[in-house]
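Below are some points on the model you sent, set out for a reader who will be working from the coordinates. They go from the overall fold to one helix pair and then to the charged side chains.

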Amino acid sequence: MWPLLVLSILSLSTIIDRLWFWTNLLIKEKQTVNRVLEAARRDWSIATEMARRTVKQPIGRFLYAPLRLQNPEPEVFKLALEAAADDELASMRKGDKLLEGVIALAPMLGLLGTVLGLIGSLGSIRLGDLGTSSTAGVTVGIGEALISTAAGLVVAIFSLVFYRLFQSLLFNQMKVFRKAGNELELLYRQYWQQASLNQHNSQDKNSYFPSSWVQNSRNVSDGLEQDKKPTDFSPESDVEPPPDEPNNN
C-alpha cells in the first residue's frame, strides 16, 4: 500500500499540472491565432511583433519561429514551422511517461500485495484447525489482502482516464498547429511572390540604360546608315583624272 500511495501522489500532481496547462492554452490559443493571421494579411512587421508578445504560449512560439527570420525563402519558412511544431508538441507530452508508468505499475503492485497477504494468512493455517474457530482470522486476512488489489486498480483507472484525455487534447492540438501553419505559410508565399515581382519591376525601372532606350538608339543608327550616299564612299579609282596640259611646243 505504501508504494501505491506514492504512485497516487505522483499521478495526482501530474494531472493537476497538466489540467492547468491545457486550460490556459485552450482559453488563449484561438484568440492568438486569429490576431496573428489577421495582422499578417495587412502587415508582416505587425504580425511578427504580435507573435513575439505571445511567446509564453506554445502557439505564440510556434508562429514566431518563422516570423523572426529575415526575409526567408518559402521553403525555409516551412521548415521553421515544422521544427517549431515538433518542439512544442514534444513539450506538451510532459508527464505522459509518468502516467503510463503508474497505469502499468499500480495494478501489479496491488496484485503483489494481495498475493503476499494471502501467503501470510494461509501460511498460518494447519490441517487440524480447519473448521474450527482458529481459522476465523484467516478470512479477515484474505479480505485485507484484497484491499491492495482494489487500491491498485483505482489508481490505474484514475490515471488512465486523464491520460486518454490529455492524449485527445494533444491530437487536437496537432490539428490546430497544422491548420494555423498552413494558413500562415500560404499568406507568406503570396507575400513572397508579390515582393519578388515588385523587386524585379523596380530593378527594370532603375537600370541606367533601359531596354527602350537601347532599341531606339539602334533604330536611329540604322536610319543613318540608310541615308548615306554611295558616292561618299567611292574608291579613288573611280575619280576622273585631270585633263592634260597643252603642249606649248
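1. Read from the N terminus, the pattern of the protein is α-α-α-α-α-α-α. That amounts to 7 helices and 0 strands. The model is a predicted one, and the points below should be read with that in mind.

2. On burial, the protein has 249 residues, and 29% of them are buried. On contact order, consider the contacts between residues at least 6 apart in sequence: 77% of these join residues at least 24 apart.

3. The helix pair to look at is α3 with α4. Two packed helices are described by the angle between their axes and the distance between the axes. Helix α3 covers residues 58–67 and helix α4 covers residues 74–92; their axes are 8 Å apart and make an angle of about 155 degrees. Angles over 145 degrees count as roughly antiparallel, and α3 and α4 are therefore roughly antiparallel to each other. The crossing of the two helices is right-handed.

4. Which residues make the contact between these helices? From α3 they are Pro58, Arg61, Phe62, Ala65, Pro66 and Leu67. From α4 they are Phe77, Ala80, Leu81, Ala84, Ala85, Glu88 and Met92. By class, the contact of α3 with α4 has 11 nonpolar residues, 2 charged ones and no polar ones.

5. Alanine 84 is a convenient residue for inspecting this contact. It belongs to helix α4. Its relative accessible area is 10%, so alanine 84 is buried. Apart from neighbours within four places in sequence, alanine 84 touches Arg61, Phe62 and Ala65. For one of these, arginine 61, the C-alpha to C-alpha distance from alanine 84 is 7.4 Å, with the two positions 23 residues apart in sequence numbering.

6. Glutamate 88 is also in helix α4. Is glutamate 88 buried or exposed? Its relative accessibility is 9%, and because buried means under 20%, glutamate 88 counts as buried. Beyond its neighbours within four places in sequence, glutamate 88 is in contact with Pro58, Arg61 and Phe177. Pro58 and Arg61 are among the α3 residues that make the helix contact described above.

7. The loop between α3 and α4 contains asparagine 71. The phi angle of asparagine 71 is near 50 degrees, which is a positive value in a residue other than glycine. With 58% relative accessibility, asparagine 71 counts as exposed.

8. Turning to charges, side chains of opposite charge can pair when their charged atoms come close. How many salt bridges does the structure hold? There are 9 salt bridges. Glu38, Arg41 and Arg42 are linked by such bridges into a network.

9. Glutamate 49 takes part in salt bridges with two arginines, arginine 52 and arginine 53. In the bridge to arginine 52, the closest N and O atoms are 2.5 Å apart. In the bridge to arginine 53, the closest N and O atoms are 3.3 Å apart. Glutamate 49 and arginine 52 both sit in helix α2 (residues 44–52), where a spacing of 3 residues is about one turn of the helix.

10. The accessibilities of these side chains are as follows. Glutamate 49 has a relative accessible area of 29% and is partly exposed. Arginine 52, at 40%, is partly exposed. Arginine 53 has a relative accessible area of 64%, so this residue is exposed.

11. A further salt bridge joins the side chains of glutamate 185 and arginine 189, at 3.2 Å from N to O. Both residues are in helix α6 (residues 136–205), and because they are 4 residues apart, about one helical turn separates them. Glutamate 185 is buried, with a relative accessible area of 12%. Arginine 189, by its relative accessible area of 31%, is partly exposed.

Technical notes. Residues numbered from 1 in each chain as written. Predicted model: local features only at pLDDT ≥ 70, side-chain atom pairs only at ≥ 80, totals over all residues. Heavy atoms only, no water. Axes fitted to C-alpha atoms, helices over the stretch in contact; angles between N-to-C directions. Parallel < 35°, antiparallel > 145°, perpendicular 65-115°, else oblique. Left-handed = near helix turned anticlockwise from the far one by under 90°. Contact = heavy atoms within 4.5 Å. Nonpolar A, V, L, I, M, F, W, Y, C, P; charged D, E, K, R; others polar. Buried < 20%, exposed > 50% of the residue type's maximum accessible area, 1.4 Å probe, protein only. Salt bridge = Lys/Arg side-chain N within 4 Å of Asp/Glu carboxyl O.
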